[in-house]
Amino acid sequence: QVKLVESGGGLVQAGGSLRLSCVASGLTFSSITMAWYRQAPGKDREFLADIDWSSTRPFYADSVKGRFTISRDNAQNTAYLHMPRLQREDTAVYYCAAAAVERTKDYRYWGQGIQVTVSS
């Protein structure tokens, strides 16, 4: 049974930073691509970033490129999203996702989501 558990969210003032973590179990973490998404109230789920198994090819949405950083620790079965310089428009529920098949971006497994709220 695949399980993804996010942590590290919460309330932060504008300009502050957070680092989200996603611990995975029930899959071969070191072989699959991991991703982060978010969903703001009233909006569609938005892709933020993904990272391949070897961490050599991180990919970012234009909206967060140059600001957010995705990383992973295969020994800890954990993916991370470092988010500095947060703004109110970053307020959303953040989700991690795992690909079901190696070398694909077929994200079939999802965490329960974690709230990030940025106050002005």
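What percentage of the 120 residues of the chain count as buried? The share is 45%, where buried means under 20% relative accessible area, exposed means over 50%, and partly exposed lies in between, with a 1.4 Å probe and protein chains only. Before selecting anything, keep in mind that this is a predicted model, in which local features need pLDDT of at least 70 and side-chain atom pairs count only at pLDDT 80 or more, while totals for chains, interfaces and linings use all residues. Residues are numbered from 1 along each chain as its sequence is written, and side-chain values use heavy atoms, with hydrogens and water left out.

**The whole chain**

Start with the full C-alpha trace, which spans about 40 × 25 × 25 Å along its principal axes. The radius of gyration of the chain is 13 Å, which agrees with the value near 14 Å for a compact globule of 120 residues; this radius is taken over C-alpha atoms, and the globule rule is 2.2 Å times the number of residues to the power 0.38. Colouring by secondary structure shows 11 strands and zero helices, given that helices (H or I, at least four residues) and strands (E, at least two) are DSSP runs numbered from the N terminus. Among contacts with a separation of 6 or more, 54% are made by residues 24 or more positions apart, a contact being heavy atoms within 4.5 Å.

**The four-stranded sheet**

Next, select the open sheet of four strands, whose order is E1-E3-E8-E7 and whose pairing is antiparallel; two strands pair if DSSP finds at least two bridges between them. At its edges stand E1 (3–7) and E7 (69–73), each of which pairs on one side only. Neighbouring strands of this sheet are turned by 20 degrees against each other on average, direction ignored, with axes fitted as lines to C-alpha atoms (for helices over the stretch in contact) and angles running from 0 to 180 degrees between N-to-C directions. Within the sheet, display E3 (residues 18–25) and E8 (residues 78–83), which run antiparallel and are joined by six bridges. To find one of these pairings, label Val 23, whose bridge partner in E8 is Thr 78.

**The hairpin and its neighbour**

Move on to E4 (residues 34–39) and E5 (residues 46–51), which pair in the antiparallel sense over five bridges. These two strands form a hairpin with six residues between them, and in the turn Gly 42 has a positive phi of about 75 degrees. Met 34 has Ile 51 as its bridge partner in E5. From E5, continue to E6 (residues 59–60), which runs antiparallel to E5 and is joined to that strand by two bridges; here Asp 50 stands opposite Phe 59.

**A buried threonine**

Which loop holds Thr 33? Thr 33 lies in the loop between E3 and E4, and the residue counts as buried because its relative accessible area is 7%. Selecting its surroundings, and leaving aside neighbours within four places in sequence, brings up contacts that include Asp 50, Ile 51, Asp 52, Arg 72 and Tyr 107.

**The nonpolar core**

Now show the largest nonpolar core, which has 35 residues; such a core is a set of buried Ala, Val, Leu, Ile, Met, Phe, Trp, Tyr and Cys residues joined through side-chain atoms within 4.5 Å. The members that touch the most other members are Leu 20, Met 34, Trp 36, Phe 68, Leu 81, Met 83 and Tyr 94. Two or more residues each come from E3, E4, E5, E8, E9 (92–99) and E11 (114–119), and E9 gives the most, with six residues.

**Charged side chains**

How many salt bridges does a search of the whole structure find? The search finds eight, a salt bridge being a side-chain nitrogen of Lys or Arg within 4 Å of a carboxyl oxygen of Asp or Glu. Begin with Asp 52 and Arg 57, whose closest N and O atoms are 3.7 Å apart; Asp 52 is buried at 6% relative accessibility, whereas Arg 57 is exposed at 54%. Then select Asp 62 and Lys 65, which meet in a salt bridge at 3.3 Å, N to O, with Asp 62 exposed at 67% and Lys 65 exposed at 51%. Another stop is the salt bridge of Glu 102 with Arg 103, at 3.9 Å between the closest N and O atoms, where Glu 102 is partly exposed at 43% and Arg 103 is exposed at 68%. End the tour at Arg 38, Glu 46, Arg 67 and Asp 90, which are linked in a network of salt bridges.
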